[in-house]
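I opened this notebook page to record what I looked up in the model, one entry per topic. The entries start with the metal sites and move on to the chain around them.

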Amino acid sequence: MTEELNRRKFLTYVGTGVTALTVASSGLGMLAPKAEAKGAKAASHLFGFNKKVSGLNFKPIEPTDKDDLVLPKGYKYDVIASYGDIINQKGDTFGYNNDFTMFFPIQGSKDRGLLWVNHEYTNELWVTGPKDKNGKFTKSQIEKLLYNQGGSIIEIYRDEEGIWKLDTKSKYARRITGLTPFKLTGPAKGSKAVGGSDVVQGTFANCSGGKTLWNTVLSAEENYEKTSEDANLDERHYGWIVEVDPFDASFAPRKHTALGRFHHENSSMGLTNDGRLAVYMGDDKKDACVYKFISKNKYIKSRGKANSDLLEEGTLYAANLKDGKWVALTLEAVREKAAGNKEMLEKFQTQADVLVYASEAAVLLGATPTDRPEDVEISPFDKTVFIAHTNNSDHGNIHGHITRFLESNDDLGSLTFDFEIFACGGRQSGFSAPDNLTFDSGGNLWTVTDISSSSVNKGVHSTFKNNGVFVIPTIGQQEGEAFQFASAPVEAELTGPCFTDDETALFLSVQHPGEETEDKKNPTSMWPHRKGDNQPRPSVVAITGFKY
Ligand code: FEO
Ligand code: CA
Ligand code: CA
Ligand code: CA
């Protein structure tokens, strides 16, 4: 191991305190508060982190095909909101296929806050009904299609019994949908590349996302093609990173074109060493690239939400893994590379064109096609960047892996990096198809898996049974080892894990239970098994039982 890596590991070690490490190396299911080393507190303080709960205080579960959200002994879940539930006094309803969640405490409360929830896609069987014989939806079906995607802002609270519930009397609760107007910002706004639009209709295909440093939400438009085609909308208006303020409806929902258009999985925001914004993003497609945007100007905390304008001007880079370099997607570079290629020169005439067709520009400039980069998360411990490469059956990466970027000088603003493979999916690790990622304050990476409904529990995926949540230490002797924390209902995917700040609750989306159902009368899943209900429902849950 190089000296640099040793130093990094040591910093990570002292930065997180040693409890997690001790627990990890002495077996699971035990608390080790006495093992907290002197100095760990000072180090935690130094790193601005107070350890709250070790993610490894549980006995891992075995893979299971049970039609339930299965958790370790001592943990439980409460369903907060399900598809179709009324969320406010106006009568708005919770959308379909909930994905990314992000908790926003109300005035610092531990027991009450807003939960932003993405809604990624719909389903003909349960939402819109089938298309006509010409393969078209009616106007009212298109409305359903668009209404049930986007995002929900719901207000939630923990009652006296510790159960997280929906507050339908909320003054904040509202829907953002495929019908909500969005303004475009940045270089592509009003350009020919987007048909001259500066306002566009709606957001959909909202997969994962992120929180900004100024407490707004970024939601990522991923597989937008089907909906834009079905609703007869200009597909160049989708595939962007969108920003919404859950607390303030007067903050115009916006799409930041400077961050490029591709199949956005999520966004992870940090600061460069000189104070500019760095936003990491994955393009969830086979043979697609990893990106980062660096703002032109510096973040100034006192500017609050005005910092949103930092996402309007800057440079978009894509990663060349062979050279360890971030390649800037500029018009000049693209046109130089495209010299002699009439079709490409026609396509790329302005910087707006480069952003609208960012994935093509990236590959043209030598960025590395990778195996479906999904969530990208900056480690709060050492600023290394974790990327879930979910899988790519086109060349044998069936179970995926998690890549870790090490930016030069630990600076998110660096234009060079090295990388390592942090963990690999497969029988040996117990997980397949890593997707969304989040960290706990014990230095553990929480990873959900997304084996597709058509593959789950079949063939080489049989060993994993249903999709799950895995906890992977990023420090200590068990670094890179996966411990299963949860198992999803039949044909569901678990998405959008998000801890409360005190780590007493984990919000999680259960997406598409019973997705392979063909006959409504005979669903493959009935989760969440509501009394009197006759269908499975994607739902958001709160998991509690975390031990201090
Ligand atoms: Fe919507 Fe990349 O998963
Ligand atoms: Ca995803
Ligand atoms: Ca996925
Ligand atoms: Ca999925």
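Which residues supply the protein donors of the calcium ion (ligand 4)? I looked this up in what is a predicted model, and I noted Asp-450 through OD and Glu-493 through OE, the latter listed twice, with the donors lying 2.4 to 3.2 Å from the ion. Asp-450 sits in the loop between β25 (444-449) and β26 (468-473) while Glu-493 belongs to strand β28 (residues 493-499), so the pair ties together parts that are 43 residues apart in sequence. I then checked accessibility against the cut-off of under 20% for buried: Asp-450, at 16%, counts as buried, and Glu-493, at 5%, counts as buried too.

Next I turned to the calcium ion (ligand 2), which is 5.3 Å from the calcium ion (ligand 4). Its protein donors are Cys-207 (SG), Glu-265 (OE), Glu-374 (OE) and Asp-435, the last entered twice through OD, and they lie 2.3 to 3.1 Å from the ion. The six donor atoms around this calcium ion (ligand 2) subtend angles of 45 to 156 degrees, and the arrangement is therefore irregular. In sequence I wrote the spacing of the donor residues as C-x57-E-x108-E-x60-D. Within that set, Cys-207 in strand β9 (residues 206-211) and Glu-265 in the loop between β12 (254-256) and β13 (268-271) link distant parts of the chain, being 58 residues apart. Cys-207 is buried at 4% relative accessibility, and Glu-265 is buried at 0%. I also noted that the calcium ion (ligand 3) is 3.3 Å from the calcium ion (ligand 2), with Glu-374 coordinating both.

For the overall picture, I recorded ten helices and 30 strands in the protein. Of its 548 residues, 60% count as buried. Among contacts between residues at least 6 apart in sequence, 62% join residues at least 24 apart.

As one case of such a long-range neighbourhood I looked at Val-356, which lies in helix α9 (residues 351-356) and is buried, with a relative accessible area of 1%. Leaving aside neighbours within four places in sequence, Val-356 is in contact with Ala-188, Ala-193, Val-194, Arg-236, Trp-240 and Arg-261. Its C-alpha atom is 9.9 Å from that of Pro-187, although the two residues are 169 apart along the chain.

I then searched for enclosed space. The search gave one cavity of 30 Å³ or more, and the largest cavity has a volume of about 40 Å³. Its lining includes Gly-430, Phe-431, Thr-449, Ile-451, Phe-464 and Gln-484, and the lining residues divide into four nonpolar, seven polar and no charged.

My last entry concerns backbone geometry. Most residues other than glycine have a negative phi, and most peptide bonds are trans. Asn-97 has a positive phi of about 40 degrees although it is not a glycine, and Asn-232 likewise has a positive phi, of about 55 degrees. Asn-97 lies in the loop between β1 (76-82) and β2 (98-105) and is buried at 1% relative accessibility, whereas Asn-232, placed in the loop between α6 (225-230) and β11 (241-244), counts as exposed at 70%. Finally, the peptide bond from Trp-527 to Pro-528 is cis, with omega near 10 degrees, and Pro-528 is in the loop between β29 (505-511) and β30 (539-544).

Terms used:
Residues are numbered from 1 along each chain as its sequence is written. Chains are lettered from A and ligands numbered from 1 in the order in which they are written. This is a predicted model: local features need pLDDT of at least 70, side-chain atom pairs count only at pLDDT 80 or more; totals for chains, interfaces and linings use all residues. Side-chain values use heavy atoms; hydrogens and water are left out. Helices (H or I, at least four residues) and strands (E, at least two) are DSSP runs, numbered from the N terminus. Buried means under 20% relative accessible area, exposed over 50%, partly exposed in between (1.4 Å probe, protein chains only). Contact means heavy atoms within 4.5 Å. Donors are N, O and S atoms within 2.8 Å of the metal (3.2 Å for Na, K and Ca); water is not among the atoms, so sites may look incomplete. On a 1 Å grid over the protein atoms alone, a cavity is a set of points where a 1.4 Å probe fits but cannot get out, and a pocket is an open set with protein on both sides within 12 Å along at least five of seven lines; lining residues have an atom within 4 Å of a point. Grid points are joined across faces, edges and corners, and a volume is the space filled by probe spheres set on the points. Ala, Val, Leu, Ile, Met, Phe, Trp, Tyr, Cys and Pro count as nonpolar, Asp, Glu, Lys and Arg as charged, and the others, Gly among them, as polar. Four donors count as tetrahedral if all angles lie between 85 and 135 degrees; four count as square planar and six as octahedral if opposite donors are over 155 degrees apart and all others between 65 and 115; anything else is irregular.
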